[in-house]
Amino acid sequence: MTKPTLAIVGATGAVGSVMRELVSNRVDAWGEIRLIASPRSAGKKLLVRGEEVTVQAIGEDVFEGVDVAHFDLPDEVSAQWVPIAAAKGVIVVDKSNAFRMDPDVPLVVPEANPEQVRNRPKGIIANANCTTLALIPSLAALHRRFGLESMTVASYQAASGAGQEGFDTLYEQIATVAGQTTLGTKAGDVRAALGEKADATFGAPLALNVVPKVGGWKEDGWTSEELKVRNESRKILGLPDLAVSSTCVRVPVAQGHSQAVRASFASDVDVAAAHEVLRDAPGVELVDDPAAGRFPMPIDAAGTEGTYIGRVRASLDFPRSLDFFVVGDNLLKGAALNSAQIAELLLPEFE
């Protein structure tokens with residue numbers, strides 16, 4: 001049997017690099033692997049499965065003979081090229097925001113709605129936002145047992161959510177402020193220390209700071225990231241009327257998004273019952289022993305495939321509600337890993 005051909009589009013970016021590692025180290029199911037990127041990256045040689053592969057410039061011809069393609073491109077670029085690839089018979093797994101809310105494009109998280117991979121009239125499957133993806137495995141498990149009715153989320157998002165530029169900006173700012181032991185004690189002193197690069201990438205300094213804005217501004221003071229958490233959670237869980245409030249904050253963490261959640265349910269719920277559900281939930285690691293200093297943190301989640309949940313408490317003032325803390329690697333489960341898992345769900349179609 002001939003193994004299907006896989007393309008990684010956006011292969012030179014931060015998520016593309018993680019995708020190359022996943023394809024190399026997960027199931028041995030793919031035949032040819034094509035690396036595709038912008039024309040400026042064409043000709044580079046990158047390692048996949050221990051072999052050097054030459055990056056090809058994106059164009060209509062590079063999709064000939066491709067069975068499945070992972071797309072990790074800016075929204076506007078995906079909007080242009082994804083339909084071209086799909087028209088050539090490629091099953092596209094797209095990580096951008098361009099198609100997530102299209103009613104004819106399934107938004108898939110394998111722990112929640114794996115059956116949706118077969119419902120793709122446009123030949124496109126969307127990958128959710130990295131913030132949403134950290135939430136969904138635990139929420140889906142709790143919803144199946146207790147019936148999710150509403151949630152309030154505050155996210156603490158890593159610099160790498162802004163791609164390689166986010167990494168670079170954070171580390172550069174940290175290097176600049178390191179050793180200056182009075183910085184952050186007076187208004188404006190961090191901006192002055194960083195100079196003209198103070199607002200680079202995040203619109204405000206990230207070193208010694210948090211920035212309560214992730215994404216672009218939308219109506220009524222919401223950001224695009226906050227609306228994604230609401231709209232995508234509704235679609236993935238099949239709960240179009242789910243009540244959601246989200247505040248997204250950028251924090252000086254390299255890799256790993258964290259979220260404080262209050263979730264309310266239709267049924268009575270307690271910590272013991274929630275622990276029972278979460279221990280068996282696919283893709284979820286229960287890390288919940290505060291007395292022993294065990295709770296989820298991004299420094300422990302970075303580079304790992306699970307989503308971690310802890311600090312599970314029965315809400316004091318909200319009936320049938322839990323408060324908890326969730327962490328997931330935004331480049332793995334939050335992007336590349338979820339995409340890889342979706343592609344693996346497609347493999348039976350090529351047998």
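Let's start with one side chain: Asn-129 reaches the backbone nitrogen of Thr-131 with its side chain, at 2.9 Å. Keep in mind that what you have in front of you is a predicted model. So where does Asn-129 sit in the chain? Its place is in the loop between β8, residues 124-126, and α3, residues 130-146.

Is Asn-129 buried or exposed? Its relative accessible area is 6%, and anything under 20% counts as buried, so Asn-129 is buried. The side chain of Asn-129 also makes a polar contact of 3.4 Å with the side chain of Glu-225. If we set aside the neighbours within four places in sequence, Asn-129 is in contact with Arg-100, Glu-225, Lys-228, Glu-232 and Gly-334.

Now please move to Arg-120, which is found in the loop between β7, residues 91-94, and β8. Arg-120 has a relative accessible area of 18%, and it too counts as buried. Which side chain does Arg-120 meet in a polar contact of 2.5 Å? That partner is Glu-349. Not counting residues up to four places away in sequence, Arg-120 touches Ile-91, Pro-106, Ile-125, Leu-346 and Glu-349.

Our third loop residue is Ala-11, between β1, residues 6-9, and α1, residues 14-25. The relative accessibility of Ala-11 is 0%, so Ala-11 counts as buried. Here is something to look for on your screen: Ala-11 and Asp-72 are 61 residues apart in sequence, and their C-alpha atoms are 7.7 Å apart in space. Beyond the neighbours within four places, Ala-11 is in contact with Gly-16, Ser-17, Arg-20, Leu-35, Ile-36, Ala-37 and Leu-46.

Let's go on to a strand. Why can we say that β11, residues 257-265, is largely enclosed by the rest of the structure? Because seven of its nine residues are buried. Which strands pair with β11? One is β9, residues 148-157, which runs antiparallel to β11 and is joined to it by eight bridges. As an example of those partners, Ala-154 is bridged to Ala-260 in β11. Another is β14, residues 321-328, which also pairs with β11 in the antiparallel sense, over eight bridges. There you can find Ala-263 opposite Leu-322 of β14.

Next comes a helix, α7, which covers residues 271-279. At the start of α7, a side-chain oxygen of Asp-270 reaches to within 3.3 Å of the backbone nitrogen of Ala-272. Which residues of α7 are buried? They are Ala-273, Ala-274, His-275, Val-277 and Leu-278. The cover over these buried residues includes α3, β12 (284-286), β13 (307-314) and β14. You have met two of those already: α3 follows the loop that holds Asn-129, and β14 pairs with β11.

Finally, let's zoom out. The protein chain has nine helices and 14 strands. Its radius of gyration is 21 Å, close to the 20 Å that the globule rule gives for 351 residues, so the chain is as compact as a globular protein of that length. Along the principal axes, the C-alpha trace spans about 55 × 55 × 40 Å. Of the 351 residues, 52% count as buried. Among contacts between residues at least 6 apart in sequence, 68% join residues at least 24 apart. As for the outside, the accessible surface comes to about 15400 Å², and 50% of it belongs to carbon and sulfur atoms.

Thanks for listening!

Technical notes
Residues numbered from 1 in each chain as written. Predicted model: local features only at pLDDT ≥ 70, side-chain atom pairs only at ≥ 80, totals over all residues. Heavy atoms only, no water. Buried < 20%, exposed > 50% of the residue type's maximum accessible area, 1.4 Å probe, protein only. Helix = DSSP H or I, 4+ residues; strand = E, 2+ residues; numbered from the N terminus. Pairing = 2+ DSSP bridges. Polar contact = N/O pair within 3.5 Å; in protein donor to acceptor, adjacent residues only side chain to side chain. Contact = heavy atoms within 4.5 Å. Rg over C-alpha atoms; globule rule 2.2 N^0.38 Å. Areas by Shrake-Rupley, 256 points an atom, 1.4 Å probe, with all protein chains shown as cover.
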